[in-house]
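Thanks for asking me to look this one over. My notes follow as numbered points, with the conventions given where they are first needed.

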Amino acid sequence: VELLREVGDVQVCSQDRPLSAPELREAVRGAHAVVTMLHDRVDAELVAAAGDQLQVVANVAVGYDNIDVPAVTDRGVTVTNTPGVLADATADLAFGLLLMVTRRLGEGERLLRAREPWTFHLGFMLGTGLQGKTLGIVGLGGIGQAVARRARAFGMNIAYTGRRRASAEVEAELDARHLPMDELLRTADVVSLHCPLTEQTRHLIDEAALAAMKPTAFLINTSRGPVIDEKALAEALREGEIAGAGLDVFEREPEVEPGLLELDNAVVVPHLGSATVETRTAMAELAARNVAAVLTGDEPITPVR
Ligand code: 8YV
């Protein structure tokens, strides 16, 4: 907000809850720039409600599935996002979920908090080790690469799939093998999702994809909830079709599929991927600098094209 005040008047419309569509339309009326978040739907109607003076929509997120980008840019309005600055925080969270689910940390903590009796023995609460296992990354962009680097330090092998092949340098650094999606699902011990939500990736992980995974495999999602068919996932976890899942995002946030909450092999946290003081500060600053650049006639720093 301080950075934005250097270029214009600032109106803070919502601090701690998403605005409804009519509230949002009212809030943007007359604005030259709008700073948005995950749950703010930006489309032609919203741009029209803002008025012809609108120049930039700055999303405080790397994902921009909340924005109808062609509809907005066709009206001459720039769209920006916040790539890069949240890769490490999101990768840390993905790895935290991976450790939680493979080493049964949530389950162990619940046991103690429930004051259940327990005795150490050699077969007590055994989990799954990561050394020598294969991490299958769906989308080897900035966040996927940051997850792969962590996985290499844990002794894992890297496979990936995605629309585009990574550069030879990235493949060499991570010793990453490019595989078609079906082979990745069949062979990975952990599948971690780092793709954007698009019409092609909605329900990418459906009943058939879950059935293709090994029964010993784990699924991690820090991308967008609708990439997974959550009902099918709950069923697959219940039936032991896969071993476990660590989820930061949900199909109908803030709701979580009730079936998942009953399962010990599902770890669920409330969209915390980028939620560190350092990262959220960097995201907010980047969004503000994008706004300032456009309003002062410079090129935006991180435009969405
Ligand atoms: C954001 C995210 O904090 O960047 C993204 O795409 O999902 C999160 O890191 C959240 O979307 C708030 O806008």
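1. Helices (H or I, at least four residues) and strands (E, at least two) are DSSP runs, numbered from the N terminus. Please keep in mind that this is a predicted model: local features need pLDDT of at least 70, side-chain atom pairs count only at pLDDT 80 or more, and totals for chains, interfaces and linings use all residues. Residue numbers start from 1 along each chain as its sequence is written.

2. A good place to start is the loop between β9 and α12 (258-261), where P254 lies. The peptide bond between E253 and P254 is cis, with omega at about 5°.

3. Next, the domains, whose bounds come from an automatic or database domain assignment. The protein chain is assigned domain 1 (2-85 + 276-295) and domain 2 (87-268). Their C-alpha centres lie 31 Å apart. The contact takes 6 residues from domain 1 and 6 residues from domain 2, where two residues are in contact if their C-beta atoms, placed from the backbone, lie within 7 Å. On the side of domain 1 that touches domain 2 there are 1 nonpolar, 4 polar and 1 charged residues. In this count, Ala, Val, Leu, Ile, Met, Phe, Trp, Tyr, Cys and Pro are nonpolar, Asp, Glu, Lys and Arg are charged, and the others, Gly among them, are polar.

4. One open sheet has 7 strands in the order β6-β5-β4-β7-β8-β9-β10, with parallel pairing; two strands pair if DSSP finds at least two bridges between them. Its edge strands, β6 (176-178) and β10 (266-268), each pair on one side only. Neighbouring strands here are turned by 20° against each other on average, direction ignored. Axes are lines fitted to C-alpha atoms, for helices over the stretch in contact, and angles run from 0 to 180 degrees between N-to-C directions. At the β10 edge, β9 (residues 244-247) pairs with β10 in the parallel sense over 3 bridges, and L247 has V268 in β10 as its bridge partner.

5. Another open sheet has 3 strands in the order β1-β2-β3, also paired in parallel. β1 (33-36) and β3 (78-80) are the edge strands, each pairing on one side only. The average turn between neighbouring strands is 15°, direction ignored. Strand β2 (residues 56-59) runs parallel to β3 and is joined to β3 by 3 bridges; V56 has T78 in β3 as its bridge partner. Helix α13 (residues 277-295) packs on this sheet, touching β1, β2 and β3, and its direction makes about 165° with that of β2.

6. Which residues have the most contacts inside the largest nonpolar core? They are V57, V147, A148, I158, F218, I242 and V291, in a core of 89 residues. Such a core is a set of buried Ala, Val, Leu, Ile, Met, Phe, Trp, Tyr and Cys residues joined through C-beta atoms within 7 Å. Helix α5 (residues 87-102) gives the most to this core, with 10 residues. Because domain 1 and domain 2 both give residues to the core, it lies between them.

7. Two backbone angles deserve a look. R104, in the loop between α5 and α6 (105-113), has a positive phi near 60° without being glycine. D175, in the loop between α8 (168-174) and β6, has a positive phi near 50°, again in a residue other than glycine. Are these residues buried or exposed? R104 counts as buried because it has 20 C-beta neighbours inside 10 Å, whereas D175 has 10 and so counts as exposed. The cut-offs are 20 or more other C-beta atoms within 10 Å for buried, 12 or fewer for exposed, and partly exposed in between, with C-beta atoms placed from the backbone.
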